[in-house]
Amino acid sequence: AWFGYGFVGFAGVQKMSSSAGGAPTAEDALRVLEAPILRWLYVRRNPKQTFDIDFGPEVVRLYDEWDSLARKAADPDKRDLQVLAWERASATAAGPLPAPRVVVPFRLLSSVADVTAGSAEQISRIVGEEVDDLQPRLDRAVAWTSEYVDPADRTNVRESPDEATLASLDDRQRTWLGLLLDGLDDPLQLGAVTSLVYGVPKLARGMALDDKPTDEVKADQKEFFGLLYRLLVDAERGPRLPTLVMALGRERVRSLLGG
């Protein structure tokens, strides 16, 4: 008996058609999506329903949704149709499909891949997990960042300090940078760097790192983060600052921040 399936399209790959000479395939999708996630895009829908496989920023949201559903599936009290779809996508008659032993958010892996030029060893160091434990997600994060993220959206670290901005800093901004540089331990640890980056404006106001931020601190954080992006990557925004600091390393950060 014949059964008709809906059309599956692709989105977020405008540049690929011109460079590769053709439309993407399921094999291309598996370069950026773990096999269970690609299966899940199909099994959670009516077969006649049309949909797109998006290679653009939607990939990050898709991984977040998948990880959230995996956590839900781990709770026996939360079994529903969504969990059943997750289970169908995660395994075949031959057994479970490959999945990372340690689940690190795709958005973090791709952000680190961006600032480390896809170095698996550097990524492993920054997130604090073994390369093998991060696979197959690690390879997909590297492939997505290098092949599908628009070059204009990638991080370009400054080659030399922004002397003009450094010379124009006011006392408060100098205090922020001094506190950050004084607090960077060697070797860097992501948890400690995260606490420090968010905590510098607290320290400058006489608070402790783990104090709840006030409205004034939140305003200072926004200004401080903007200053760091300007001095490190010559942009208004970029990857998460703790990740960026970890990727650059203590000495490179000190050099670019005038330390």
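Across this predicted model, the mean positions of the 32 positive charges (Lys and Arg) and the 40 negative ones (Asp and Glu) sit 5 Å apart. His and the chain ends are not counted, and each charge is placed at NZ of Lys, CZ of Arg, CG of Asp or CD of Glu. Residues are numbered from 1 along each chain as its sequence is written, and side-chain values use heavy atoms, with hydrogens and water left out. Because the model is predicted, local features need pLDDT of at least 70 and side-chain atom pairs pLDDT 80 or more, while totals for chains, interfaces and linings use all residues.

The protein's secondary structure comes to 15 helices and four strands, taken as DSSP runs (H or I, at least four residues; E, at least two) and numbered from the N terminus. Of the 259 residues, 43% are buried, meaning under 20% relative accessible area with a 1.4 Å probe, protein chains only; exposed means over 50%.

As for the inside, the largest nonpolar core (buried Ala, Val, Leu, Ile, Met, Phe, Trp, Tyr and Cys joined through side-chain atoms within 4.5 Å) has 64 residues. Helix H13 (residues 215-233) chips in the most, with eight. Leu33 is one of the residues with the most contacts inside this core.

Then there is helix H5 (residues 81-90), whose buried residues are Val83, Ala85, Ala89 and Ser90. These cover an arc of only 155 degrees around the axis, so they lie on the same side of H5; the arc is taken from the directions from the helix axis to the C-beta atoms. Exposed Leu81 and Arg88 are on the face turned away from that buried side.
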